[in-house]
Every structure is written in structure tokens, then in C-alpha cells.
Amino acid sequence: MKKFFSRLYSYLIRIDDPKIYNAKYPFKLLLKIILRSLNIIRWIVAYRIVGKVDSISEFYSEIHIFWYRGNEGHTQQSIEQTYFLSKISQKKENIFEIGFNGGHSAETFLKNNISTKVLSCDIGWHYYSKFGEFYLKKKFGNRFQMIIEDSKTLVPKLSENTNKKFDLIYIDGGHEYKDARDDILKSKELAHDKSILVVDDVVERNMQHLDHSNSGPTKAWKEFLENGFVSALEYLEFTDNNIYRSAVVGRYN
Ligand SMILES: C[S@@+](CC[C@H](N)C(=O)[O-])C[C@H]1O[C@@H](n2cnc3c(N)ncnc32)[C@H](O)[C@@H]1O
């Protein structure tokens, strides 16, 4: 009986939008109702505990949202990658991030420097992004802003309407070639001449690690390097916690 309930619990907390999307009616409807009901409980708990936790991972754990295999990954799953993001974002006052997901990389930037402001965007596929936004808003107030919109429309709008420039541009959004290409290309309008660009999931060595998640950004980055649109400053691989990640640091020319 105990085993049955723990399996049921484990199944229920793994219900997410991709799972609902792939299901067929009437099961789809049932999953939708369960997720919405669970989220009502999560919001109640979130309001109660937000002042009592010190990190976004603690917050998620309290509201029973967990990252498991198959879920979209985040940077705090790798200590090495988190350390790298802390280092590269030091003394960066304004950071723009494409690909908020659960807010783990945004938290790293915000914790690192007491005056850093982060603007994140996400297409909003994941129900948990709203919880991450809530947590970071509560903890960091107006140093943090998140916009739910496709970067393809948001980035041009930002550059036309605000003329805002960022010291660090972190691209970790759509991983298809076209998405990564557009993000790198269009974000140039948000850069000043000293801005640093970090593109996640670009592989430059150890090509055996190329897969569906990194071949798009890798191809886009290579093309921009070859045509002189960007220059590379550093290449990094992170291999702790049994996961392989990589990223490049560069500048716009
Ligand atoms: C790998 S996750 C980002 C992880 C996050 N930076 C972290 O470490 O916590 C990629 C995110 O990009 C978002 N995304 C995908 N395509 C996008 C697009 N066209 N515009 C904005 N966000 C997008 C997805 O919804 C997903 O949350």
C-alpha cells in the first residue's frame, strides 16, 4: 500500500505541460485538472513559505516541484556551471537572459552581486516558470523582471522601444538551430561595445557530445564565428554531477 501511494505521488508531481500535450482525450482533461488542482495547493504553500527559504531550489522542494530526468535542465544542476555563471556575471550591472525555465541561472546572477538587475524572458511552456518568477520577485524585488514572450518578438521590441543595453547577454533559450541563430543575431541590438555574450550548449571540443540539445547552438555559433559577427573569448565544459554541459563566452564585433 505504501509503495502504491509513493508511486502515485511520484507520478502526480511529474505531471507537466509536455505530458498533458502528449496525452489523448479524455485522459488529457484529467491530467489538466490534476495539474491545475495541484498548483492551487502549491500556490497556497508558496505564499506561506516564501519568506522562510533561502534558495530557489529549497523553494521548489517545499512546493514539490522537482527536476528529474526528462525535465528541461537548469544550470544549478552543475556546480561547475553555476560557479562559472557567478564568475562571469561579477560586476555586471544589467543582465539579459533568454531562457528562464525555473529561474536557477537568474538566481545565480542576482545572488552574486547586490546591485545586479536581471531581465529574463521565456516562452512560458513550463507551468513552474510562474513559481520561479514569484520567488525571485519576492526575494529581489525590482532587481528582477521576467517577460513571458518568444525571444523572436521580444528582443526586436526591446531594442526598438527601450534602446536598453546589457553588460551580459546570456542565451539559453530555444535549442533549435534557427532559435539559437536568431537569438545571437538579434541580441546584438541589446549589446554595447563591452558587452559579454554567453551562449549555452555550444560544443567546440569533444564532439561526441553533440546531440539534439546542443547541435543547433553549436552550428549557429560556428557560422557567426566564421563570418566575423562574433569573437570567441572562452570555451567551457562542465562535467560534474554526471552531466555534460558546455558554453562559449564571446563578444559582438
Ligand atoms: C534550458 S532551459 C533554460 C535554463 C535556465 N537558463 C536555467 O539554467 O535555469 C531553456 C528555456 O528556454 C525557453 N525557450 C525556448 N524557446 C524559447 C523562445 N523562443 N523564447 C524564449 N524562451 C524560450 C524554454 O521554455 C526553457 O524554459
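Asn-101 is buried, with a relative accessible area of 8%. Its phi is near 55°, a positive value in a residue other than glycine, and Asn-101 sits in the loop between β1 (94–98) and α6. The model is predicted. The points below cover backbone geometry, a parallel strand pair, helix α6, salt bridges, and two enclosed or open spaces.

**Backbone geometry in loops**

- Asn-163 also has a positive phi, of about 55°, although it is not a glycine.
- The loop that holds Asn-163 runs between α8 (151–161) and β4 (166–171).
- Asn-163 counts as exposed, at 53% relative accessibility, whereas Asn-101 is buried at 8%.
- A cis peptide bond leads from Tyr-25 to Pro-26, with omega near 5°.
- Pro-26 belongs to the loop between α2 (17–22) and α3.

**Strands β2 and β3**

- Strands β2 (residues 117–122) and β3 (residues 144–148) run parallel and are joined by five bridges.
- The chain passes from β2 through helix α7 (residues 129–140) to β3, a β-α-β crossover that is right-handed.
- Ser-120 has Met-146, in β3, as its bridge partner.

**Helix α6**

- Because seven of its nine residues are buried, α6 is largely enclosed by the rest of the structure.
- The buried residues of α6 are His-104, Ser-105, Ala-106, Glu-107, Thr-108, Phe-109 and Leu-110.
- Glu-107 and Lys-111 form a salt bridge through their side chains, at 3.6 Å from N to O.
- Both residues lie in α6 (residues 104–112), four residues apart, or about one turn of the helix.
- In an α-helix there are 3.6 residues a turn, so residues three or four places apart point the same way.
- The two partners differ in exposure: Glu-107 is buried, with a relative accessible area of 2%, while Lys-111 is partly exposed, at 46%.

**Other salt bridges**

- Across the whole structure, a search finds eight salt bridges.
- In one of them, the side chains of Lys-186 and Asp-182 meet at 3.6 Å, N to O.
- Helix α9 (residues 177–186) holds both Lys-186 and Asp-182, which are four residues apart, about one turn of the helix.
- Lys-186 counts as partly exposed, at 28% relative accessibility, and Asp-182 counts as buried, at 13%.
- Glu-226 and Lys-222 also meet in a side-chain salt bridge, again with 3.6 Å from N to O.
- Glu-226 and Lys-222 are separated by about one helical turn because they are four residues apart in helix α10 (residues 215–226).
- Glu-226 is exposed, with a relative accessible area of 59%.
- Asp-150, Lys-152 and Asp-179 are joined into one network by salt bridges that share partners.

**Second largest pocket**

- The second largest pocket holds about 170 Å³ of space.
- Its lining consists of Tyr-9, Leu-12, Ile-13, Leu-38, Ile-41, Arg-42, Val-45, Glu-62, Ile-63 and His-64.
- Two elements, α1 (2–13) and α3 (27–49), give two or more residues each to this lining.
- With four residues, α3 gives the most to the lining of this pocket.
- By class, the lining residues of the second largest pocket are seven nonpolar, one polar and two charged.
- Leu-12, one of the lining residues, is in helix α1.
- At 24% relative accessibility, Leu-12 counts as partly exposed.
- Leu-12 and Leu-35 are 23 residues apart in sequence, and their C-alpha atoms are 8.0 Å apart in space.

**Cavities**

- Two cavities of 30 Å³ or more are present in the structure.
- The second largest cavity holds about 40 Å³ of space.
- Lining the second largest cavity are Ile-171, Asp-172, Gly-173, Gly-174, His-175, Ala-180, Val-199, Asp-200 and Pro-217.
- The lining of the second largest cavity divides into four nonpolar, three polar and two charged residues.

Terms used: Residues are numbered from 1 along each chain as its sequence is written. This is a predicted model: local features need pLDDT of at least 70, side-chain atom pairs count only at pLDDT 80 or more; totals for chains, interfaces and linings use all residues. Side-chain values use heavy atoms; hydrogens and water are left out. Two strands pair if DSSP finds at least two bridges between them. A crossover is right-handed if, with the strands pointing away from the viewer, the path from the first strand over the helix to the second runs clockwise. On a 1 Å grid over the protein atoms alone, a cavity is a set of points where a 1.4 Å probe fits but cannot get out, and a pocket is an open set with protein on both sides within 12 Å along at least five of seven lines; lining residues have an atom within 4 Å of a point. Grid points are joined across faces, edges and corners, and a volume is the space filled by probe spheres set on the points. Ala, Val, Leu, Ile, Met, Phe, Trp, Tyr, Cys and Pro count as nonpolar, Asp, Glu, Lys and Arg as charged, and the others, Gly among them, as polar. A salt bridge is a side-chain nitrogen of Lys or Arg within 4 Å of a carboxyl oxygen of Asp or Glu. Buried means under 20% relative accessible area, exposed over 50%, partly exposed in between (1.4 Å probe, protein chains only).
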